Amino acid sequence: MRYAIIPAAGRGKRFGGKKQFIEVGGKAIIEFTLKPFEESPFIDKIVVVAPEESIPEMELRVKDFSKVEAVIPGGCERQESVFNGLKYIDGRCSEVVVHDGVRPLVTKRMIDELVSAYQEYGVEGVITAVKPKDTVKAVGASLEGSDFLVKETLNREKLILVQTPQLFNFEVLIECHRKAAEEGFWGTDDASLLERYGYTVVAIKGDYRNIKITTPEDIDIFRVFLNQMER
């Protein structure tokens, strides 16, 4: 049994509203996100994590997705939301895919390749990522409270920009979440928890178009890419 957890509990403070419910062509962002998981033969069940006050709206948005088993309340941070999802499905699966609810250009192909890599490498976690195109610099203290002092230029060949979906051994991921909660450690993604506790994570090639909706400008980019991609 393989579950997908879709954390979509953000309140969109930077965006100015709940991004997961923004409509494009009559469909909410979360509906675009769920479609490939609904259609993938490698996903058995889906759990969507939503802001507690928005659960009724989310349930309406996902009612036509037969694989959605439940909509559950999220936490204040993404990590808490994923942990809530893990606790909900505890004991029901051996593998779990985690994917951002506001990353609506995920495709069935990405899910297929993730599962294939997980089976091939036999590791605890597989993530998707792309190489940075721009020069990346490390910075130090801020200058006059706003700008940064440049410390060094990093080697792009040794850097990746991490995306979702990400696939994990279920027992390993929930164990890492429990340890992180006990220690008060906050990771920037689920893979960072596995890294912290000594498990192996492999990165496979993602897609530059697999963007996360973060700012209003991203909606315009989403519209363009949506017309280009086969989903």
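## Helix α1

The buried residues of helix α1 are I29, I30, E31, F32, T33, L34, P36, F37 and E38. Buried here denotes a relative accessible area under 20%, exposed denotes over 50%, and partly exposed covers the range in between, with a 1.4 Å probe and protein chains only. Helix α1 spans residues 29-39, and because nine of its 11 residues are buried, the helix is largely enclosed by the rest of the structure. Helices (H or I, at least four residues) and strands (E, at least two) are DSSP runs, numbered from the N terminus.

The model is predicted, so local features need pLDDT of at least 70 and side-chain atom pairs count only at pLDDT 80 or more, whereas totals for chains, interfaces and linings use all residues. Residues are numbered from 1 along each chain as its sequence is written, and side-chain values use heavy atoms, with hydrogens and water left out.

## Salt bridges

The whole structure contains 17 salt bridges, each defined as a side-chain nitrogen of Lys or Arg within 4 Å of a carboxyl oxygen of Asp or Glu. Side chains of opposite charge can pair when their charged atoms come close. One of these bridges joins E53 and K18, whose closest N and O atoms are 3.5 Å apart. This pair links distant parts of the chain, 35 residues apart: E53 is in the loop between β4 (45-50) and α2 (55-62), and K18 is in the loop between β1 (2-7) and β2 (23-24). E53 counts as partly exposed because its relative accessibility is 47%; K18 is also partly exposed, with a relative accessible area of 25%.

A bridge within a helix is formed by K179 and E175, with 3.1 Å between the closest N and O atoms. Both residues belong to helix α5 (residues 170-183), where they are four residues apart, about one turn of the helix. An α-helix has 3.6 residues a turn, so residues three or four places apart point the same way. K179 is partly exposed at 31% relative accessibility, and E175 is partly exposed with a relative accessible area of 27%.

## A salt-bridge network

D100 and R103 are joined through their side chains by a salt bridge of 3.2 Å, N to O. D100 is buried, its relative accessible area being 5%, and R103 is buried at 9%. These two residues belong to a network of salt bridges that links R78, D100, R103 and D190.

## The second largest pocket

R103 also appears in the lining of the second largest pocket, together with V130, L161, V162, Q163 and Y208. On a 1 Å grid over the protein atoms alone, a pocket is an open set of points with protein on both sides within 12 Å along at least five of seven lines, where a cavity is a set of points where a 1.4 Å probe fits but cannot get out; lining residues have an atom within 4 Å of a point. The volume of this second largest pocket is about 170 Å³, taken as the space filled by probe spheres set on the points, with grid points joined across faces, edges and corners.

Strand β10 (residues 161-169) contributes three residues, the largest share of the lining. By character, the lining comprises four nonpolar residues, one polar and one charged. Ala, Val, Leu, Ile, Met, Phe, Trp, Tyr, Cys and Pro count as nonpolar, Asp, Glu, Lys and Arg as charged, and the others, Gly among them, as polar.

## A cis peptide bond in strand β10

P165 is found in strand β10. The peptide bond that joins T164 and P165 is cis, with omega about 20°. Most peptide bonds are trans.

## Surface features

V139, F148 and V150 form a nonpolar patch on the surface, and together they have about 290 Å² of accessible area. V150 lies in strand β9 (residues 147-153) and counts as exposed because its relative accessibility is 54%. Patches are made of residues with over 30% relative accessible area and no salt bridge, like charges being joined within 9 Å and nonpolar side chains (Val, Leu, Ile, Met, Phe, Trp, Tyr) within 5 Å. Accessible areas come from the Shrake-Rupley method with a 1.4 Å probe, and for residues only the protein chains shown count as cover.

Q119, in helix α4 (residues 108-121), is likewise exposed, at 52% relative accessibility. The C-alpha atoms of Q119 and T33 are separated by 24 Å, and the two residues are 86 residues apart along the chain.
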